[in-house]
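Subject: Structure handover

Dear colleague,

Here is the structure for your files. My notes on it follow below.

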Amino acid sequence: MEQELEVFQQVYELVVNFMVTYSFQIAGAMIILVAGFVVGSWVARVLLRLQEKRNVDVTLRQFIASTSRLVVIAMFVIIALSKLGISITPLIAAIGGLAVGASFAIQGPVSNYGAGLVIILTRMYQVGDTISVRGCSGQVTHIDLASTHLKAEDGED
């Protein structure tokens, strides 16, 4: 029984020391993460409104807004990691190495996303246009990076 109490006392002291030492860093990192999500959402909303005023294509403005939101959140995550004392230089190098390896592994889907990006940026067709692809024709209802959605004359998607 005494041995169990000693173990419990050691664990208690370890937890208290950890909280005293790192509580402000953890709280600061959490505040930075929350701020990142708030700022990212705000930036996306502002960009959407600005592009709406300038009559930018719906698909393109959604793509730009969501990409900018992700970039802002990623920057805040990096800042939060550095606040916790995690060295981000090796992390960024590891992400770069993983990206090179993953790019070889997923060439097919990545090329499809590249084609979707080309469609969005060159504006070959827009939402509301009628197109024909591989014998299927219909009106474009939605365009994103991975796919273009058509609604046929008979109502089939």
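Setting aside neighbours within four places in sequence, Leu60 has contacts (heavy atoms within 4.5 Å) with Gln51, Ile120 and Leu121. The model is predicted, with local features needing pLDDT of at least 70 and side-chain atom pairs counted only at pLDDT 80 or more, while totals for chains, interfaces and linings use all residues. Numbering starts from 1 along each chain as its sequence is written, and side-chain values use heavy atoms, with hydrogens and water left out.

Leu60 also belongs to the largest nonpolar core (buried Ala, Val, Leu, Ile, Met, Phe, Trp, Tyr and Cys residues joined through side-chain atoms within 4.5 Å), which has 8 residues: Leu60, Ile119, Ile120, Tyr125, Ile131, Val140, Ile143 and Leu150. Helix H4 (107-122) and strand E2 (136-143) each give two or more residues to this core; helices (H or I, at least four residues) and strands (E, at least two) are DSSP runs, numbered from the N terminus. Another core, of 6 residues, lies apart from it and includes Ala29, Ile32, Val72 and Ala80.

In H2, the buried residues (under 20% relative accessible area, with exposed over 50% and partly exposed in between; 1.4 Å probe, protein chains only) are Thr59, Leu60, Arg61, Ala65, Ser68, Val72, Ile73, Phe76 and Ala80. Gly85, which follows H2, has a positive phi, near 90°.

Met19 is in helix H1 (residues 2-53). Because its relative accessibility is 43%, Met19 counts as partly exposed.

Regards
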